[in-house]
Amino acid sequence: MCPTMTVPLFDPLTPLAPLRERLDAAVRGVLDDGRFILGPNVEAFEREFAAAIGTTEAVGVANGTDALTIALRALGVGPGDEVIVPSFTFFASAGAIPPTGATPVFCDIDPETFLATPETVKAVMTPRTKAVVVVHLFGNVAPVREIEALGVPVVEDTAQAAGSIGPDGRPGALGTIATFSFYPSKNLGCFGDGGAVTTSDAQLADRVRLLRAHGSRGPAGFEEVGWNSRLDELQAAVLRVMLPELPHWAAHRRLVGRWYAEAGLDEYCRLPVATAGSEPAWHVFVVRHDRPDELRDALTQRGVEARDYYRTPAHRQRAMQGISISGELPGTDEAARTHLALPISAATTWEQVVEVTEAVRDAAI
Ligand SMILES: *Cc1c(COP(=O)(O)O)cnc(C)c1O
């Protein structure tokens, strides 16, 4: 966020202002208590977060990337396996796969929704496919049930979709297992790094608990090599203050999406298309335009922050060469070339939406 912008891309602080005293008290409480790792706040947050998402289990971990690696390992993914993942996503969705020993296999997306579909997943399935990472990108809700019906377990990467609502329930409760990030700019963000794994399979949750704590259940010893990846007690304490706010923060993000349409933004660029029956809590509001970089420059001059995210999709990143599999991904390339993120947050006002829309109109690009 740049302070000179009149309309910032993100605004994580304004929504927290009314919570300030309760956040201070939560931090003080942890300092008074003195238990900083896997204390009462992590345990309570795990219960409260599972209830909010609609699963029976939630396990706090250190970040959303570890959440993916550990969820895949909990499913038994390892060397020789293939894991399907979209390429048009934050790099970590794919980067979390090689640490399991498995090979990322990139699938295409529908550029209108920015999401994988049963068709794009099916196109790259092989007998080695052990799991699919389905990303609810930008808050839009992917067709998890339909993809899981292909006969392979789905890990929902829900880092960008806390608070979204799908036709079959909430993202994070649609597939076998799901992962969240509480990085500060996400729909539910803490004051540092944090993450969670959700599932309604008690055995899988037990595996995740084992793997986040060095593969140990305690004094009995080490059953396998795991990770040191726990959600901090301090982060859990502040997340417990924020979690009850998520429904109205998410509702506001939905409203801002509708405001952009009402303000007539669709006359100047292509708006994101929500999947059938879903109500996305837009994490970022990503439009498509034939000359997105020129539009971004014009908006920046006018004080409206805008940026691209995945101009180079994961399958074209140097880090993935030689350790991943991908064919032609035309939907991915189209989205990568044309997308541009416009401002949205739980504090965006109608006046800001009008300002952004007029800035896009006046750019006349
Ligand atoms: C943020 C994000 C992650 C990674 O989360 P971290 O907490 O930053 O490790 C993974 N996938 C997607 C889609 C994300 O947006």
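This briefing looks at the ligand in this structure and at the two largest pockets of the protein. Keep in mind as you explore that the model is predicted. The ligand takes up the space of the largest pocket, and 13 residues surround the ligand.

**Around the ligand**

- Of the 13 residues that surround the ligand, the closest are G64, T65, D157, S181 and K186, so these are good names to find in the 3D view.
- Sorted by class, the shell around the ligand holds 7 polar residues, 4 nonpolar residues and 2 charged residues.
- Two helices each give at least two residues to this shell: α3, which spans 64–74, and α4, which spans 92–95.

**Polar contacts with the ligand**

- The side chain of D157 has an N or O atom that lies 2.7 Å from a nitrogen atom of the ligand.
- For Q160, a polar side-chain atom is found 2.8 Å from an oxygen atom of the ligand.
- S181 places a polar side-chain atom 2.6 Å from an oxygen atom of the ligand.
- On its own, the ligand has 380 Å² of accessible area, and the protein covers 92% of that area.

**The largest pocket**

- This is the pocket whose space the ligand takes, and its volume is about 490 Å³.
- The largest pocket is lined by 27 residues, and F90, Q160, S181, Y183 and K186 are the closest to its centre.
- Three elements give two or more residues to this lining: the helices α3 and α4, together with the strand β6, which covers 177–181.
- The lining of the largest pocket is made up of 13 nonpolar, 10 polar and 4 charged residues.
- Q160 and S181 appear here among the residues closest to the pocket centre, and you have already met both through their side-chain atoms, with Q160 at 2.8 Å from a ligand oxygen and S181 at 2.6 Å from a ligand oxygen.

**The second largest pocket**

- The second largest pocket has a volume of about 250 Å³.
- Its lining is formed by 19 residues, and those nearest its centre are D11, P12, L16, P184 and K186.
- By class, this lining contains 12 nonpolar, 4 polar and 3 charged residues.
- K186 is a residue to look for in both places: K186 is listed among those nearest the centre of the second largest pocket and among those closest to the centre of the largest pocket.

Methods
Residues numbered from 1 in each chain as written. Predicted model: local features only at pLDDT ≥ 70, side-chain atom pairs only at ≥ 80, totals over all residues. Heavy atoms only, no water. Near = heavy atom within 4 Å. Polar contact = N/O pair within 3.5 Å; in protein donor to acceptor, adjacent residues only side chain to side chain. Areas by Shrake-Rupley, 256 points an atom, 1.4 Å probe, with all protein chains shown as cover. 1 Å grid on protein atoms, 1.4 Å probe; cavity = no way out; pocket = protein on both sides within 12 Å on 5 of 7 lines; lining within 4 Å. Sits in = over half its atoms within 2 Å of the grid points. Helix = DSSP H or I, 4+ residues; strand = E, 2+ residues; numbered from the N terminus. Nonpolar A, V, L, I, M, F, W, Y, C, P; charged D, E, K, R; others polar. Points joined across faces, edges and corners; volume = space filled by probe spheres on them.
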